[in-house]
Each structure stands twice: as structure tokens, then as C-alpha cells.
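Student: I would like a close look at one part of this protein, the annotated binding site. Could you walk me through the residues there and then show me what lies in the sheet and helices besides?

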Amino acid sequence: MRYILAIDQGTTSSRAILFDEAMKVTAVAQEEFEQYYPASGWVEHEVSDLWSTVAGTCRQVIERAGISATEIVAIGITNQRETTVVWDKDTGQAIHRAIVWQDRRTSDTCAELRDAGHEEMFTDRTGLLLDPYFSGTKLKWILDHVDGARQMAKDGKLLFGTVDSFLIWKLTGGAQHVTDATNAARTLLYDIRKGRWSQTICDLFDIPIQMLPEVKDCAADFGMVRPDLFGREIPILGVAGDQQAATLGQACFQPGMLKSTYGTGCFALLNTGDTPVKSKNRLLTTIAYQLDGKPTYALEGSIFIAGAVVQWLRDGLKIIRDAKETQPLAEGADEKQNVVLVPAFTGLGAPYWNAECRGAIFGMTRNSGPNEFAKAALESVGYQTRDLLEAMHADWAPEGGNQTLRVDGGMSASDYAMQFLSDIIGAPVDRPQVLETTAMGVAWLAGQRAGVYPDMAGFADMWRLDRSFDPGMSDADRATKYDAWKRAVSAAMTF
């Protein structure tokens with residue numbers, strides 16, 4: 001038997017998943033790691049935690065499957081995007097904690113660049129907005145605030161990468177400093193139309209372009225894992241940022257196909273084919289995947305807080321011990337109450353892009369309690385998704401496009417959340433049998449390149465439906481509830 005090892009390095013945990021020749025999950029290992037919040041709106045990771053949990057889970061999954069590393073023919077890597085790592089080229093040590101995609105410390109920098117009239121240039125070249133979400137201003141912050149970093153960078157002693165680049169560098173023993181087009185497209189430094197780093201933007205940020213990794217296709221030769229890690233050299237053949245990997249895993253290969261992933265955040269991608277569509281509604285133009293040197297583009301809407309709102313119920317309010325408890329609580333909520341939660345804990349993403357907004361709860365009564373909070377938390381994800389879809393369809397609506405939304409990620413396992421999502425968007429929601437679509441996407445990239453898995457058409461034929469959720473809410477109720485959400489967001493942004 002031949003296996004593909006998928007590394008899924010996420011925001012709160014690292015996972016390793018083994019897929020067999022039939023693309024079935026053989027074994028899974030997962031380790032959570034600590035989140036650091038040194039100031040309001042700041043989020044960091046210890047870079048050593050990212051590496052140790054990845055190496056550890058890879059070893060664990062091989063042991064759990066009872067196989068030899070000689071049976072693993074390729075590795076695929078998917079990762080939390082935008083999270084920024086800068087490390088010493090000689091020692092491999094990070095010069096600062098990783099600054100996480102959720103981090104908002106560069107809000108003022110982005111505002112200054114907007115005020116100076118630069119946003120249109122950034123959007124034209126990168127497809128992105130001037131927002132602290134992306135890597136470029138995080139990298140600039142590290143170079144500005146770590147003693148000696150700017151000079152070390154100019155002397156060629158420092159390397160920058162998103163998490164995939166750092167992991168590949170570690171896995172290959174420093175032999176490869178590379179990334180793929182989907183991760184490069186999230187840095188605010190990459191020209192998605194010309195397919196290269198933008199010298200103009202790097203000069204504006206005073207970032208030496210030599211720090212940046214080589215950009216490859218999503219399916220490519222990314223180097224060989226050093227033999228002492230897992231017992232033999234293994235080629236890394238597939239890399240994609242987590243949301244693009246999920247797009248692949250959901251087989252959204254045709255223009256007009258749409259998927260939404262519910263992890264820590266929520267990310268919806270609409271395949272626009274070989275056309276980079278410029279949004280008029282503050283969505284992102286991004287690369288969905290790049291194969292054989294040809295990029296396929298997408299419109300993306302990003303929500304910062306989705307599954308993280310359930311973590312807040314657990315760790316902040318302490319009204320649940322496990323995410324599974326939210327559904328029975330929500331089902332027991334008082335239907336006469338309309339509690340609305342705007343989970344802007346680290347600002348609001350698309351289509352608002354308000355870095356300063358913070359969370360708020362509206363409509364509480366003396367009788368509001370854990371049931372109503374759980375219901376409001378799950379519903380907030382549906383409301384935010386509708387915001388994204390309305391903006392997407394206003395930007396680009398292909399003739400006869402399929403309005404069905406394919407969903408995945410941990411939160412998609414909640415029948416309550418998915419039924420409300422279908423109700424509030426007024427369209428079918430399809431959940432696949434395999435929810436590990438992010439890991440499956442990069443497993444397919446690596447496996448297809450290794451000759452183990454089928455081509456794109458064959459892979460699309462393998463997609464299987466678990467359950468379809470159809471809207472059952474009346475148009476009047478849908479309009480009333482969504483209007484309450486819009487008013488709540490407006491109030492939160494003006495607080």
C-alpha cells in the first residue's frame with residue numbers, strides 16, 4: 001500500500017493525516033498549541049511550537065497507522081495563511097514570535113498607506129486590500145521593531161515566509177526556501193497577474209526582495225524531507241494555503257462553484273476561472289490554485305471569527321466544555337428572543353474591513369442565558385456568510401451559475417448551524433462525506449503528482465455528498481432576521 005501524508009498546520013493546532021491509495025483517511029494525529037495575546041488585538045505563536053507539533057504529529061500518525069515511512073510516497077502541506085515568520089538563515093531561529101493572520105497591530109500602518117493614496121496600487125497588483133490581515137505589514141513591523149533586524153535583512157541574513165515556507169525549510173534541513181502561488185498571493189507583496197514579487201511594494205515597505213521565497217505551482221517539487229526526521233527521504237509535492245486547499249478538496253474546479261470553510265474563521269471562495277475579477281464590494285481577488293504555470297482565480301470573502309466564537313463560549317464564558325454542546329443549547333433557546341451576537345473580537349473582515357470594531361451582543365433580556373448565547377453564536381456565522389455571498393454575487397454572477405454552497409471545516413458538522421446557514425442565505429448547503437477537505441486538497445495535489453491519485457476530472461467524480469440542507473425559513477422571517485443583523489453590525493461599528 002502507498003500512502004500520502006498531509007500536514008495541516010492550522011491556527012490552533014497542527015494535524016497530520018495519512019491517506020491511502022483510495023484517498024481514504026487511515027490515521028490522524030493532532031496537537032494543540034498555545035495562543036499568545038500580548039496586547040489588545042495582537043495574536044502570536046511561538047514558532048518552535050509550530051515546528052514541534054508538526055514534526056510530532058507526523059511521527060505519531062506513522063506510528064498509529066502501523067506503517068513504515070517507506071510506504072509514504074509524498075507529502076502535501078496546507079497551512080494557516082498570512083501568518084508571518086522571520087528567521088535567521090544560519091541558525092534557523094525565529095527572530096520574533098510568528099504574527100498570526102488575526103493580528104491587528106499594523107492597523108495604523110495600513111491607515112497611513114491608505115491616506116497616502118496607495119490602496120488602489122496594492123489592490124491592482126495583489127488583489128488585496130490594505131489591511132493588517134495580510135503578511136506584508138506584519139513583516140515590515142518585525143523589521144522595524146526587532147533590534148538589528150532591518151540591517152540583518154539587508155545583509156541577506158534573514159528569511160521571510162508564511163508557515164508553509166518555514167516548515168519546508170525545516171523539513172528539508174534548510175535546503176529549500178520556497179512557497180506556492182496561493183500563499184504568495186496572501187502576502188500583500190505578490191503581483192497575482194504577473195506572477196512575481198512586486199519590487200515596487202517591497203521598496204515601499206523597505207523589504208529586501210532576497211528575503212522572499214521562490215514561488216512554485218501548487219503541485220511541484222518542493223524538496224526532500226531530510227531522512228533523519230521520519231526514517232527516509234520523502235518528497236514534498238503539494239502545497240496550498242488552507243482555504244485554497246479546501247477549494248481543491250471540494251473539487252470546485254468549474255467557474256461559478258463556491259465553497260465555504262468553517263474553521264477558526266470562515267472563508268468563502270468563488271471560482272472565477274482564468275479571470276481575476278476586481279471586486280467593487282471589498283472582497284479579495286486571489287489565486288484559487290496554480291497548476292502547470294496557469295493560475296485559476298477566485299473571489300474570496302474572509303470572516304475572522306467562526307469556530308472561534310464557539311471557543312469563546314467554552315474558554316471565555318465557560319458555558320460549554322465541548323463544541324458539541326452548542327447544538328442542544330441552541331435548540332433549547334427561547335424562540336421569542338432575538339439575541340444577535342456580532343463576534344468582532346479582532347475586528348470585522350469582509351465586506352466591512354473594520355479593524356477597530358469590537359464584539360457586541362444585542363437584544364438581551366433578563367431571561368437571556370447560555371441557550372440564547374449559543375444560538376446567537378451559531379447564527380452569527382450564517383449571517384456573516386450571507387454578507388459574503390451577497391457581495392460576491394454583486395461582483396460576479398456567471399450565467400446559470402449554481403447557487404449551491406459546499407461547506408467543510410469543523411463547524412460544518414453542526415446540523416443546527418448548517419440548517420440556519422441554508423435558511424438565511426436562501427440556498428442549498430451541501431456537506432461532503434469527507435470533511436477533511438483541506439488536508440484532502442493537498443493530499444490530492446501531492447498524490448496526483450506522484451502518480452497515485454487521478455487527474456482533476458477523476459478527482460471531481462469522487463466527491464460524495466453526506467447531506468444537503470435546504471432552506472425552510474419564510475422570506476419574511478429571513479428578511480426580518482437579516483435586517484436585525486445588519487442593524488447590529490452598524491451599531492457595533494459606530495460604538
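Tutor: What follows starts at the annotated site and then turns to the sheet and two helix regions.

Keep in mind that this is a predicted model. According to the unreviewed UniProt entry, the annotation "binding site" covers Thr11, Thr12, Ser13, Thr264, Gly307, Gln311 and Gly410. These positions span 400 residues in sequence, yet no two of their C-alpha atoms are more than 13.2 Å apart, so they gather at one spot.

Let us take two of them in turn. Thr264 sits in the loop between strand 15 (258-262) and strand 16 (266-273). With a relative accessibility of 17%, Thr264 counts as buried, because the cut-off for that word is under 20%. Leaving out residues up to four places away in sequence, Thr264 touches Thr11, Thr12, Trp101, Gln102, Phe304, Ile305, Ala306, Gly307 and Ala308. Thr11, Thr12 and Gly307 also belong to the annotated set.

Ser13 belongs to strand 2 (residues 13-19). Ser13 is buried too, at 9% relative accessible area. Beyond its neighbours within four places in sequence, Ser13 makes contact with Asp8, Gln30, Glu31, Glu32 and Phe33.

Now for the sheet. Strands 15 and 16, which flank the loop of Thr264, are part of an open sheet of seven strands in the order 17-18-16-15-21-22-23, with mixed pairing. Its edges are strand 17 (284-291) and strand 23 (465-469), each pairing on one side only. On average, neighbouring strands are turned by 30° against each other, direction ignored. At one end, strand 17 runs antiparallel to strand 18 (residues 294-303), and seven bridges join them; Tyr289 stands opposite Thr296 in strand 18.

Strand 21 (405-408) leads to another residue worth a look: Ser412, in the loop between this strand and helix 14 (415-425). Ser412 is buried, with a relative accessible area of 0%. Apart from neighbours within four places in sequence, Ser412 contacts Tyr262, Val407, Met418, Arg431 and Leu435.

Finally, the helices. In helix 10 (residues 242-249), eight of the eight residues are buried, so this helix is largely enclosed by the rest of the structure. Just after helix 10, Ala251 takes a positive phi of about 55°. Elsewhere, the axes of helix 13 (residues 370-395) and helix 17 (residues 475-493) come within 11 Å and cross at roughly 90°, so the two helices are roughly perpendicular to each other. The residues of this contact divide into three nonpolar, two polar and eight charged.

Note on methods: Residues numbered from 1 in each chain as written. Predicted model: local features only at pLDDT ≥ 70, side-chain atom pairs only at ≥ 80, totals over all residues. Heavy atoms only, no water. Helix = DSSP H or I, 4+ residues; strand = E, 2+ residues; numbered from the N terminus. Buried < 20%, exposed > 50% of the residue type's maximum accessible area, 1.4 Å probe, protein only. Contact = heavy atoms within 4.5 Å. Axes fitted to C-alpha atoms, helices over the stretch in contact; angles between N-to-C directions. Parallel < 35°, antiparallel > 145°, perpendicular 65-115°, else oblique. Nonpolar A, V, L, I, M, F, W, Y, C, P; charged D, E, K, R; others polar. Pairing = 2+ DSSP bridges. UniProt positions renumbered as here; feature names shortened; annotations may be inferred.
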